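Reader: Could you walk me through this structure? Please keep it short.

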Amino acid sequence: MEILLDWKSIGSLLATLMFVRTAIRDFLPPEVNQALKRFFAKILTYLQPKLVSILIEEFDNSYNNDLYDSVQCYLGSKCVSQAQILKLSKPKNSKNLSFTMDANQTFDDIYNGFKLNWSFHTIEKKSDIGFSRSHECKYFQLSFHTKYKDLVHSHYLPYIMKEAEIIKFKNRERKLFTNRSADENGRLWSSVPFTHPSTFDTVAIDPVLKKEIKDDLIKFVNRKEFYTRVGRSWKRGYLLYGPPGTGKTSLIASIANFLEFDIYDLELTAVSSNSQLRKLLISTTSKSVIVVEDIDCSLDLSDRQKKCNNSDAENDKLNFGNNIKKSSQSSFGSSVSLSGVLNFVDGLWSSCGGERLIIFTTNHKEKLDAALLRPGRMDKHINLTFCDYKSFKILAKNYLLVDEHKIMKQVEELLGAVKMTPADVAEIFMSCDEDVDMGMRNVVEEMKKRLKAKEIKKCEVEEEEKEEEIVEEELVNSIVGCEW
Ligand SMILES: Nc1ncnc2c1ncn2[C@@H]1O[C@H](COP(=O)(O)OP(=O)(O)OP(=O)(O)O)[C@@H](O)[C@H]1O
């Protein structure tokens with residue numbers, strides 16, 4: 001009955017509209033009629049959303065357009081739910097199937113609550129050069145309300161590029177683990193299964209630094225073409241430095257787990273010569289992390305300028321195989337020279353073009369030669385330091401399964417006053433068998449103990465200084481007295 005009434009009222013509304021329309025057309029002068037038409041057209045245009053479009057073509061002046069690749073990768077993972085026709089393929093070197101939109105398909109993406117429309121198109125384009133044949137031009141069209149222009153440029157497109165990097169990283173070809181370590185008996189590397197459980201979730205470092213490292217690694221493994229284009233070995237050097245027990249080794253294991261790379265643990269003191277070091281590098285496979293721990297203890301790598309007269313790194317590099325620092329290094333039990341290590345880091349000896357991460361660790365960065373530290377050799381310097389509140393919370397969450405606790409505030413204050421390494425905190429938590437209260441209490445007690453010891457030490461130093469001042473004063477007085 002209600003529906004019937006509704007239909008009736010719609011019918012009468014339409015009839016009224018028709019009547020008004022005829023009345024306006026027949027009785028109003030044509031000028032007024034035109035003015036009204038223009039007025040309504042204006043209102044309609046005003047009410048329509050103002051859209052802008054960005055076209056992202058496959059090629060940019062015959063060069064691959066990286067943004068197009070990123071969009072393709074990003075949409076491939078999202079458009080499955082909306083597009084009616086999809087293309088399916090398995091890209092070379094990828095372990096996953098990949099979806100792409102077919103021509104004229106559209107996809108609505110929601111980013112931070114606003115809507116953006118994507119569509120994919122192909123058109124035939126005549127070539128610019130002479131009479132050559134036309135070619136197919138592919139492009140994505142992104143349409144959105146004009147008021148989102150800035151947001152799209154400064155946030156949405158960079159977000160897509162980042163997301164695409166992560167997707168490519170996850171889809172990349174992987175490799176089974178084999179952990180290798182230096183072996184003095186002829187076979188230079190021995191193979192052992194890699195089972196270290198440390199991951200980016202378990203390692204307690206500042207979350208901002210953690211993200212920075214992950215982003216850097218993802219970027220590195222996705223940049224094969226870039227390294228080829230600029231003529232550089234596909235390798236990256238990390239220097240992890242900081243006091244003992246701050247997580248350098250744990251971070252290396254996390255990195256290897258994250259990348260699913262081999263680990264080669266190189267004991268430089270067991271390598272007898274540059275040529276043996278060279279053989280070792282040649283025997284490494286791609287997708288590997290080569291680790292030299294405590295580099296300052298393995299070799300005398302302090303400033304070469306002070307110890308030998310070689311003026312620059314290039315001289316050293318040309319000398320490779322020539323044991324220029326043999327005498328000074330004998331105390332380190334190795335005949336590998338700095339030039340050997342520089343060649344090693346530079347990837348000069350690597351036999352295949354696969355990616356390699358070289359990680360050096362040290363507790364004393366200041367002892368290392370500047371040539372080793374420069375970008376291109378150690379591209380990223382990562383400082384791991386004493387436990388701060390954020391790292392402490394990660395450890396508490398992992399070891400004691402707590403986010404909050406009544407004495408957390410006290411911990412935060414004490415951490416600002418005393419130095420505890422993550423290893424110190426981890427050891428205390430380990431001994432508490434997941435008893436949260438005991439774990440937290442013991443940490444606070446240990447910190448208070450250290451704070452007290454620090455204050456006593458401070459008092460002693462002040463007392464010593466005072467005594468020294470008194471002695472000095474007495475000495476001055478006695479000299480002045482003598483002069484009189
Ligand atoms: N940042 C951290 N996050 C989680 N656990 C840590 C961290 N730092 C240290 N630990 C714990 O302490 C132990 C020792 O840490 P690790 O060997 O990684 O330190 P390191 O900095 O490499 O020390 P060293 O300079 O003496 O080699 C690890 O087994 C781990 O359990």
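Author: Questions and answers on this model follow. It is a predicted model: local features need pLDDT of at least 70, side-chain atom pairs count only at pLDDT 80 or more, and totals for chains, interfaces and linings use all residues. Residues are numbered from 1 along each chain as its sequence is written.

Reader: Between which domains does the ligand lie?
Author: A residue is near the ligand if its C-beta atom, placed from the backbone, lies within 6 Å of it. 14 residues surround the ligand, with Lys-248 and Pro-422 among the closest. Two domains both give residues to this shell, so the ligand lies between them: domain 2 (176–300 + 334–383) and domain 3 (389–472). Domain bounds come from an automatic or database domain assignment; the names asked for are domain 2 and domain 3.

Reader: Which helix gives the largest share of the largest nonpolar core?
Author: Such a core is a set of buried Ala, Val, Leu, Ile, Met, Phe, Trp, Tyr and Cys residues joined through C-beta atoms within 7 Å. Buried means that 20 or more other C-beta atoms, placed from the backbone, lie within 10 Å of a residue's own. The core has 61 residues, and Ile-252 is one of those touching the most other members. The largest share is six residues, and the helix is H7.

Reader: How far apart are the end C-alpha atoms of helix H3?
Author: Helices are DSSP runs (H or I, at least four residues), numbered from the N terminus. The expected span is 1.5 Å times one less than the number of residues. H3 has 13 residues, so it should span 18 Å; its end C-alpha atoms agree, at 19 Å.

Notes: A residue is buried if 20 or more other C-beta atoms lie within 10 Å of its own, exposed if 12 or fewer, and partly exposed in between; C-beta atoms are placed from the backbone. Helices (H or I, at least four residues) and strands (E, at least two) are DSSP runs, numbered from the N terminus.
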